[in-house]
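Ready for a few warm-up problems with a protein model? Have the viewer open, try each task on your own, and then compare notes with the worked solution.

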Amino acid sequence: MDNSHFLSVRCLYILMEAYCNIEKNYEKAFNYARQLIREVEYIDTAEFPDKLDIYIKIGELLSRFQDYEEARIYSEEVLEDEEVAFRHYNLHQAYNLLSVIARDYDKDIEQSNEWNRKLLALPPVNDEQQAWKGEAWQGIASCDLAYNLFLVGKYDEAIPYFQKGIEIMYKQEDYYFVSGSAVILADIYLIKKDLKAAKEMLDI
């Protein structure tokens with residue numbers, strides 16, 4: 001991959017992200033995503049590991065607009081090179097996105113749980129500076145698994161996963177995520193008529 005090709009890919013990636021997250025012009029974001037796919041399709045991930053990050057970002061963009069089938073394709077592409085994907089945390093993202101697709105599109109809670117458990121089973125990445133990312137994914141997967149258990153009425157099983165996820169994400173200072181998970185856990189405590197525990201969650 002020569003420098004001009006690399007710069008072209010980086011520019012397309014930046015434009016896709018800008019139109020998606022800043023301009024909120026999703027039509028243009030999708031146009032740049034399509035161009036990106038053509039640019040990186042035949043590049044080996046060993047030569048350009050960012051290819052996996054591009055596929056994940058495109059999958060997330062597609063999922064946002066409920067194009068789950070195509071989002072699944074790009075998520076599964078990441079699984080084709082698990083060793084590289086693991087080192088760059090793309091494997092964590094792929095497992096998470098496939099879990100969401102299984103739950104929200106396939107309506108398959110068990111499959112969604114399986115993806116979350118795969119994420120939780122991943123060992124730490126050998127990179128101290130990036131260790132916080134692995135911890136964050138542990139928190140996200142714990143709360144996602146807890147939410148799935150909540151949906152099927154397995155409240156007692158859900159509680160420890162919520163507690164673990166909330167504790168991790170609180171340390172990560174992701175208070176928006178913490179508040180959303182705490183509200184659901186409070187609902188569980190209300191169902192179980194534990195008003196004290198429910199209030200503690202709502203006070204977080």
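The exercises below go from the overall fold to single residues and salt bridges, and the model they use is a predicted one.

**Exercise 1. Describe the overall architecture: how many helices and strands are in the protein, and in what order do the elements run?**

Step 1. Start with the secondary structure: the protein has 11 helices and zero strands. Read from the N terminus, the elements therefore run α-α-α-α-α-α-α-α-α-α-α, given that helices and strands are taken as DSSP runs.

Step 2. Next come the dimensions. The C-alpha trace spans about 60 × 35 × 30 Å along its principal axes.

Step 3. Turn to burial, where buried means under 20% relative accessible area. Of the 204 residues in the protein, 46% are buried.

Step 4. Finally, look at the contacts. Take those between residues at least 6 apart in sequence: 55% of them join residues at least 24 apart.

**Exercise 2. Characterise the surface: what is its accessible area, and which residues form a nonpolar patch and a negative patch?**

Step 1. The accessible surface comes to about 11300 Å², and carbon and sulfur atoms account for 50% of that.

Step 2. For the nonpolar patch, select Met1, Phe6 and Leu7, which together have about 250 Å² of accessible area. Leu7 belongs to helix α1, residues 3-21. With a relative accessibility of 51%, Leu7 counts as exposed, because the cut-off for that class is over 50%.

Step 3. For the negative patch, select Glu41, Glu76, Glu77, Glu80 and Glu82. Glu77 sits in helix α4, which covers residues 68-79. At 36% relative accessibility, Glu77 is classed as partly exposed.

Step 4. Put the charges in context. The protein has 22 positive and 38 negative charges, and the mean positions of these two sets are 5 Å apart.

**Exercise 3. Compare two sequence neighbours, Arg103 and Asp104: is each one buried or partly exposed?**

Step 1. Locate them. Arg103 is in helix α6, residues 90-104, and Asp104 is found in helix α6 too.

Step 2. Classify them. Arg103 has a relative accessible area of 13%, so this residue is buried. Asp104 has 30% and is therefore partly exposed.

Step 3. List the surroundings of Arg103. Leaving aside neighbours within four places in sequence, Arg103 is in contact with Asp108, Ile109, Ser112, Asp144, Tyr147, Asn148 and Leu151.

Step 4. Check a pair that is separated along the chain. Asp104 and Tyr68 are 36 residues apart in sequence, and their C-alpha atoms lie 8.9 Å apart in space.

**Exercise 4. Work through the salt bridges: how many are there, and what parts do Arg34 and Glu70 tie together?**

Step 1. Set the criterion: a side-chain nitrogen of Lys or Arg has to be within 4 Å of a carboxyl oxygen of Asp or Glu. By this rule the count is nine salt bridges.

Step 2. Take Arg34 and Glu70, whose side chains meet in a salt bridge at 2.7 Å, N to O. Arg34 lies in helix α2 (residues 26-40) and Glu70 in helix α4, so this pair ties together parts that are 36 residues apart in sequence. Arg34 is partly exposed, at 32% relative accessibility.

Step 3. Move on to Asp106 and Arg72, where the closest N and O atoms of the salt bridge are 2.9 Å apart. Arg72 lies in helix α4 and Asp106 outside it, so the pair ties together parts that are 34 residues apart in sequence. The two partners fall into separate burial classes: Asp106 is partly exposed with 33%, whereas Arg72 is buried with 18%.

Step 4. Look for a network. Glu69, Arg72 and Asp106 are linked in a network of salt bridges.

**Exercise 5. Examine one more salt bridge: where do Lys171 and Glu167 lie, and about how many helical turns separate them?**

Step 1. The side chains of Lys171 and Glu167 meet at 3.6 Å, N to O.

Step 2. Lys171 and Glu167 are four residues apart in helix α9 (residues 155-171), so about one helical turn separates them.

Step 3. Lys171 counts as exposed at 63% relative accessibility, while Glu167 counts as partly exposed at 47%.

Note on methods. Residues numbered from 1 in each chain as written. Predicted model: local features only at pLDDT ≥ 70, side-chain atom pairs only at ≥ 80, totals over all residues. Heavy atoms only, no water. Patch = residues over 30% accessible without salt bridge, like charges linked within 9 Å, V, L, I, M, F, W, Y side chains within 5 Å. Areas by Shrake-Rupley, 256 points an atom, 1.4 Å probe, with all protein chains shown as cover. Lys, Arg positive; Asp, Glu negative; His and termini not counted. Charge placed at Lys NZ, Arg CZ, Asp CG, Glu CD. Helix = DSSP H or I, 4+ residues; strand = E, 2+ residues; numbered from the N terminus. Buried < 20%, exposed > 50% of the residue type's maximum accessible area, 1.4 Å probe, protein only. Contact = heavy atoms within 4.5 Å.
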